[in-house]
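Please open the structure in a viewer and keep the selection tool at hand. The tour below proceeds stop by stop, stating at each what to select and what is there.

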Amino acid sequence: MSAPTTARTELFARVLAPESRANPYPLYAELRAQPVAQQADGTWVVSGFDEISALLHDPRISSDMDNADHATRTDVPKSLLTQDPPSHDRLRRAVMTTFTPAVVESLRADVRRMTDRLLAAVGSRTRVDVVDEIAYPLPVAVICALLGIPERDEARFHGWADTIARGLDLDPTMSQSERDAITHASTELSAYLAELTTQRARRPGSDLISGLISGGARSEPLTGEDLVITTRLLLIAGHETTVNLLTNGMLTLLRHPDVLARLRNDPELVVPMIEEIVRYEPSVQFRYRATLADIEIGGATIPRGATVVLLLAAGNRDPRHFTDPDSFIPDRIPNEHFGFGGGIHYCIGAPLARMEAQIVLPELVRRLDNPRLVTDPPPYRPAATLRGPRHLWVDVDRILP
Ligand code: HEM
């Protein structure tokens, strides 16, 4: 294998830099020229579809970054997302037996009602911020309803969740004050949830937290720290990702008016289109892993104890796997992508996220009359992993009934 050029070993640092947030895809294409490449900071970046797929299913790969020799860590407690078998499997089973397809279905009417309420609140204004007015409040209301968290507490955890999301980047250039803010937010959120789950154990209801506390036929009841970190993962994963799916979806449609018009005439198109949004503009751009052994892959040997970046969003645009990968093709079939991850950590909330997007996006397309993007690209939130616009201002003639 040829020695990497200096520029190539700095490519991932450039992905993390804020100026790349609006369009990281040209950097991903450069990285894919060497699908498994070590960076100047020692990190191994995996950007090819086949290589990512292999590693997502490889038991020599760990999601617990304590197994990496030099990982940049933030002091956030480990949930099932960052644990390996067997503790991962026990917690995952607890969630899977409570958070069932029937539970997702039972929320469908609520999602319709909430979407309607949020659009009604725009009133006669002709400028809408899709993020603050729709894409953020909707999944928050849904996850609160699911977990039985009072919606009035949203103002308390909004800031904490945003700060914790930035912590997922493991960015070595992050300042100490940013790191301290993440630790602080994490402690506050855990304290809030510890109190809430204690109350719920005393007075159970019909929500998911109560379900986790009582356990199921195939899973043990969750208590103490397990219960707090699992609730916390569901709370953060339940909205920090879906807000970006809805916003990236609307942004992509506004950039493709032909597809927007097609969706207006053919609402059924939404089902394959959501998959294409998740492939084309994934809410989760990459995930970190640590190697438990030397792994030969893509013409390289990643040593044991290495920090590996699985660049899911680069795999999603790999021309070795997808035809015309940089085009947004709403009825692309088949569409096997990494938008919801893969292997044993495959997203548990994917059915919920799909259901929310399948309701909200066609409703926005139907009711926003003559929508126009105010700024393109829009301003982005700082996180590179959970990537999405901070605001998405859209001018409309009116909100249709
Ligand atoms: C558009 C929305 C969403 C996207 C793009 C997304 C994406 C992902 C991805 C890529 C992973 C795998 C992480 C890894 O392999 O390290 C994951 C895991 C997970 N997601 Fe989602 N997610 C979304 C919504 C949700 C929702 C709504 C929930 C819950 C209410 C949720 C709960 C989880 C959980 C619990 C895991 C961890 C699974 C495990 O470690 O076994 N996600 N998600």
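Does Ile 149 count as buried or exposed? The model is a predicted one, and in it Ile 149 has a relative accessibility of 4%. Residues under 20% are classed as buried, so Ile 149 counts as buried.

**First stop: Ile 149 and the helix before it**

Select Ile 149 and display the loop between α9 and α10 (154–167), where this residue is placed. Add Leu 193 to the selection: Ile 149 and Leu 193 are 44 residues apart in sequence, and their C-alpha atoms are 9.3 Å apart in space. Next, select Gly 148, which follows α9 and has a positive phi, near 75°.

Now select helix α9 itself, residues 137–147. Nine of its 11 residues are buried, so the helix is largely enclosed by the rest of the structure. Among the buried residues are Leu 138, Pro 139, Val 140, Cys 144 and Leu 147.

**Second stop: a pair of helices**

Keep α9 displayed and add helix α18, residues 350–367. Two packed helices are described by the angle between their axes and the distance between the axes. For α9 and α18 the angle is about 135° and the axes are 11 Å apart. This angle makes α9 oblique to α18. The crossing of α9 and α18 is right-handed.

**Third stop: the ligand**

Select the ligand and the 25 residues around it. Which of them come nearest? They are His 88, Arg 92, Arg 287, His 345 and Cys 347.

Several contacts to oxygen atoms of the ligand can be inspected in turn. Select His 88: an N or O atom of its side chain is 2.6 Å from a ligand oxygen. Select His 345: a polar atom of its side chain also lies 2.6 Å from an oxygen atom of the ligand. At Ile 344, by contrast, a backbone N or O atom is involved, and it lies 3.4 Å from a ligand oxygen.

Colour the shell by residue class to see 13 nonpolar, nine polar and three charged residues. Then colour by element of secondary structure: α5 (87–98), α13 (224–240), α14 (242–255) and β5 (287–291) each supply at least two residues of the shell. Helix α13 gives the most, with three.

**Fourth stop: backbone geometry**

Most residues other than glycine have a negative phi, and most peptide bonds are trans. The next selections are exceptions.

- Select Pro 85 and Pro 86: the peptide bond from Pro 85 to Pro 86 is cis, with omega near 5°. Pro 86 is in the loop between β3 (61–62) and α5.
- Select Ile 333 and Pro 334: a cis peptide bond joins them, with omega about -5°. Pro 334 lies in the loop between α17 (312–315) and α18.
- Select Asp 324, also placed in the loop between α17 and α18. Its phi is positive, near 50°, and with a relative accessible area of 44% Asp 324 is partly exposed.
- Select Asn 370, in the loop between β9 (368–369) and β10 (372–373). Its phi is about 55°, and at 40% relative accessibility Asn 370 counts as partly exposed.

**Last stop: Ala 17**

Finally, select Ala 17, in the loop between α2 (11–16) and α3 (25–32). At 16% relative accessibility, Ala 17 counts as buried. Add Glu 336, which is 319 residues from Ala 17 along the chain; the C-alpha atoms of Ala 17 and Glu 336 are separated by 29 Å.

Notes. Residues numbered from 1 in each chain as written. Predicted model: local features only at pLDDT ≥ 70, side-chain atom pairs only at ≥ 80, totals over all residues. Heavy atoms only, no water. Near = heavy atom within 4 Å. Polar contact = N/O pair within 3.5 Å; in protein donor to acceptor, adjacent residues only side chain to side chain. Helix = DSSP H or I, 4+ residues; strand = E, 2+ residues; numbered from the N terminus. Nonpolar A, V, L, I, M, F, W, Y, C, P; charged D, E, K, R; others polar. Buried < 20%, exposed > 50% of the residue type's maximum accessible area, 1.4 Å probe, protein only. Axes fitted to C-alpha atoms, helices over the stretch in contact; angles between N-to-C directions. Parallel < 35°, antiparallel > 145°, perpendicular 65-115°, else oblique. Left-handed = near helix turned anticlockwise from the far one by under 90°.
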